[in-house]
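Below are some notes on the model, set out as numbered points. They deal with the chain interface, the overall form of one chain, and two backbone positions.

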Amino acid sequence: MTFDIGDGVDSAVNYILDNFAPLLDAIALAIGTVTNGIQGVLLATPFLLGLALFVLLSLWRVGIGFAVFTGLSLWLVDHMSLWSAMMETLSLVIASTLVAMLIGLPLGIAMARSNRVAAIVRPVLDLMQTMPAFVYLIPAAMFFGLGAVPGTIATVIFSMPPVVRLTNLGIRQVHVEFVEAGNAFGCTAAQLLFKVQLPNAIPSIMAGVNQTIMLSLSMVVIASMIGAGGIGNTVLTGIQRLDVGTGFEGGIAVVILAVILDRITQSLGKERAGIWRTLLRGAAQPQATPAAAA
Amino acid sequence: MACTTESGLTEIDPQVKISIRNVFKIFGERPEKALALLKAGKTKAEIHASTGCSIGVNNASFDIRAGEIFVIMGLSGSGKSTMLRLLNRLIEPTFGTIEMDGRDVTRMPRRELIALRRHEVSMVFQSFALLPNRTVLGNAAFGLEVAGVGEAEHLRRAHAALKAVGLEAYGDSRTDELSGGMKQRVGLARALASEPSVLLMDEAFSALDPLIRTEMQDELMRLQAEHSRTIVFVSHDLDEAMRIGDRICIMQNGQVVQVGTPDEIVLKPASDYVRSFFRNVDVSQIFRAGDVARKTQVTIIERQGVSAAAALERMQHFDRDIAIILGRDKTYHGVVSRTSLIEAAGNGAGDPYRSAFLTDIEPIRASESLSSVLGRVASSAWPVPVVDDDNHYLGSISKSALLETLDRTA
Ligand SMILES: Nc1ncnc2c1ncn2[C@@H]1O[C@H](COP(=O)(O)OP(=O)(O)OP(=O)(O)O)[C@@H](O)[C@H]1O
Ligand SMILES: [Mg+2]
């Protein structure tokens with residue numbers, strides 16, 4: 001006898017569609033507004049201005065060498081006529097990362113504060129990460145149709161686990177003496193979280209955000225199958241027409257975006273590059289290096 | 001349990017700041033079962049094997065007085081840190097009561113406990129526990145900021161606290177730019193900024209190298225002299241305990257085995273465990289001259305018109321070669337010997353005592369440490385007199401008495 005899980009899922013999806021339509025519409029509206037807003041801004045930005053912003057960001061957060069790489073590679077993307085496709089992809093990445101953080105940070109905090117929440121959430125995260133990425137496309141498309149909104153939702157589900165996990169881990173790994181100090185000086189639970197735990201968990205949380213961004217970039221490309229748009233379309237066209245050249249160009253654009261996002265977001269959890277810190281501090285405070293105690 | 005406490009007291013002693021009564025801390029799931037076994041006389045290891053519980057503190061009862069430096073000492077794992085953290089309830093006690101100024105800390109509602117931690121009790125940690133995301137000033141201001149003191153006010157008070165520990169120039173520095181000793185000064189400033197009446201210090205100087213450590217002990221004593229607080233100081237180092245402690249509490253396997261002044265602990269150790277602590281300790285650092293002075297010498301009160309003959313008579317009677325001459329108010333005047341008295345009398349000097357004073361004997365002050373007077377006692381032909389700050393005679397230190405004292409711990 002075969003036991004058909006697929007049928008069960010089908011009827012569950014139908015039930016939700018029939019009974020929760022207003023909720024689904026509200027979600028679609030909220031996410032659609034975010035995604036479209038970001039997309040509108042990014043697409044309205046002229047290439048040269050966008051290029052300049054990326055180069056400056058690279059210079060500030062990473063260094064001169066990386067700024068040169070950013071400039072050249074983005075020029076290449078524009079040359080391949082993929083700039084606006086890249087901006088579309090980027091806006092999907094930003095929107096889904098924002099939503100993933102909006103849900104993932106509080107969830108990670110809740111996990112860190114309660115072993116029971118952690119025990120419940122952890123297997124769900126495992127499931128989310130081990131499911132093949134394509135699987136999310138089907139219910140997303142069924143609930144929300146085709147386009148950027150279901151693309152963003154599928155991407156959020158696929159890319160959220162790292163930020164949840166690393167927020168939880170980062171808070172749990174804050175040195176016990178810091179937590180003791182916080183409590184010993186009379187912190188309330190909220191003060192402990194915002195003044196002691198979160199500031200000291202930032203590197204770990206940012207590592208989670210970085211992974212979430214990388215995952216959402218890979219998912220956004222796949223989500224072009226349900227009409228999310230962006231560079232994914234180029235790759236898809238390449239596959240459908242067996243046009244290696246087009247597919248390859250799309251692939252290169254994705255890699256370039258991935259490298260730029262990775263390097264810049266990695267730097268966010270860390271101190272600003274050494275030379276900048278020294279310059280800034282040197283200007284603010286002439287005797288920056290303390291002599292021996294009096 | 002050999003525990004020298006004043007647990008018989010019924011009325012509240014105004015001197016007592018914190019009163020700890022029958023406090024237990026049992027870590028684990030089944031504390032009642034562990035407590036029953038504990039009362040049945042089972043050891044920590046047996047209890048751990050049968051219940052999985054570990055005993056942090058076992059039936060501690062003692063008082064900490066207002067304004068004293070109270071040192072908790074013991075080997076690793078004896079429950080010192082646990083005992084300290086029970087006082088501000090960073091660790092919840094399993095049984096017993098802890099009263100601070102008459103209020104039961106163990107049953108305080110959360111809100112009141114937070115107020116207590118913000119305004120009355122603060123803490124200094126062994127590994128400093130300075131928050132790396134804050135500057136030195138930000139760390140010093142932490143407690144005040146948490147307590148909701150306005151920005152201008154908390155920065156001003158944090159700055160004053162930094163100034164008190166000599167770090168006012170480092171307010172904008174990052175904590176990782178400081179040396180260990182400076183970090184712990186910041187730790188002290190952070191704890192002092194809220195002007196608490198109780199300061200809890202867990203091995204606060206143990207991570208520092210010996211010179212800096214002594215310097216920090218002096219710093220603590222100086223701050224204590226300026227503004228007297230009740231300080232509970234955990235240490236595993238007897239020298240440190242003896243140096244700064246007004247009273248010392250010795251813990252073993254979670255139990256309090258003795259509470260007393262440094263002298264009491266050295267002179268009357270309650271057990272071999274306590275004795276083992278100072279087997280290698282240099283007692284000459286612990287004792288002051290006044291602790292060793294004995295009134296075994298002949299003393300003679302100088303009066304108008306007394307003759308040398310009376311003095312010689314007394315010295316002969318007690319078979320002593322020297323006598324200490326005192327004023328009517330017991331102030332020290334000098335030392336005479338039989339020979340010097342006879343000589344002076346033969347010369348027909350007007351004052352039979354004054355002209356007979358031995359010139360090679362200088363009195364020792366009672367507050368001087370024994371180590372600093374060893375040489376003088378050893379090289380003197382006679383026992384050396386000891387006087388207090390008002391020049392009153394307290395006794396003398398003879399070579400044999402000195403040797404006996406030094407030999408005590410051998
Ligand atoms: N959180 C805990 N859970 C279980 N057992 C604990 C816990 N904290 C302390 N203990 C146990 O309580 C006992 C006393 O520990 P405590 O840390 O108070 O000792 P200590 O005297 O401060 O030692 P040290 O000098 O090493 O710091 C030890 O046997 C320890 O194993
Ligand atoms: Mg300890």
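1. How much area do chain A and chain B bury between them, and what part of it is on carbon and sulfur atoms? In this predicted model, the two chains bury about 2,400 Å² between them. Carbon and sulfur atoms carry 54% of that area. On the side of chain A, Glu177(A), Phe185(A) and Lys195(A) supply 28% of the area buried against chain B, more than any other three residues. Counted by contacts, the interface involves 25 residues of chain A and 31 residues of chain B.

2. Next, the form of chain B. This chain has 18 helices and 16 strands. Its radius of gyration is 27 Å, whereas the globule rule gives 22 Å for 410 residues, so chain B is more spread out than a compact globule. The C-alpha trace of chain B spans about 85 × 60 × 40 Å along its principal axes.

3. On burial and contacts within chain B: of its 410 residues, 51% are buried, with under 20% relative accessible area as the cut-off. Among contacts in chain B with a separation of 6 or more, 64% are between residues 24 or more positions apart.

4. On the surface and charges of chain B: the accessible surface is about 18,500 Å². Carbon and sulfur atoms account for 49% of that surface. Chain B has 48 positive and 53 negative charges, and the mean positions of the two sets are 5 Å apart.

5. Two backbone positions should be looked at in the display. Most residues other than glycine have a negative phi. Asn22(B), by contrast, has a positive phi, near 50 degrees. This residue lies in strand β1 of chain B, which covers residues 16–27. Asn22(B) is partly exposed, at a relative accessible area of 41%.

6. Where in chain B does Asn253(B) lie? Asn253(B) is in the loop between β9 (247–252) and β10 (255–260). Its phi is also positive, near 50 degrees, and the residue is not a glycine. With 47% relative accessibility, Asn253(B) counts as partly exposed, because partly exposed covers the range between the buried cut-off of 20% and the exposed cut-off of 50%.

7. To sum up the two asparagines: Asn22(B) has its positive phi within a strand, and Asn253(B) has its positive phi in a loop between two strands.

Terms used: Residues numbered from 1 in each chain as written. Chains lettered and ligands numbered in written order. Predicted model: local features only at pLDDT ≥ 70, side-chain atom pairs only at ≥ 80, totals over all residues. Heavy atoms only, no water. Helix = DSSP H or I, 4+ residues; strand = E, 2+ residues; numbered from the N terminus. Rg over C-alpha atoms; globule rule 2.2 N^0.38 Å. Buried < 20%, exposed > 50% of the residue type's maximum accessible area, 1.4 Å probe, protein only. Contact = heavy atoms within 4.5 Å. Areas by Shrake-Rupley, 256 points an atom, 1.4 Å probe, with all protein chains shown as cover. Lys, Arg positive; Asp, Glu negative; His and termini not counted. Charge placed at Lys NZ, Arg CZ, Asp CG, Glu CD. Buried area = accessible area lost by both parts, 1.4 Å probe.
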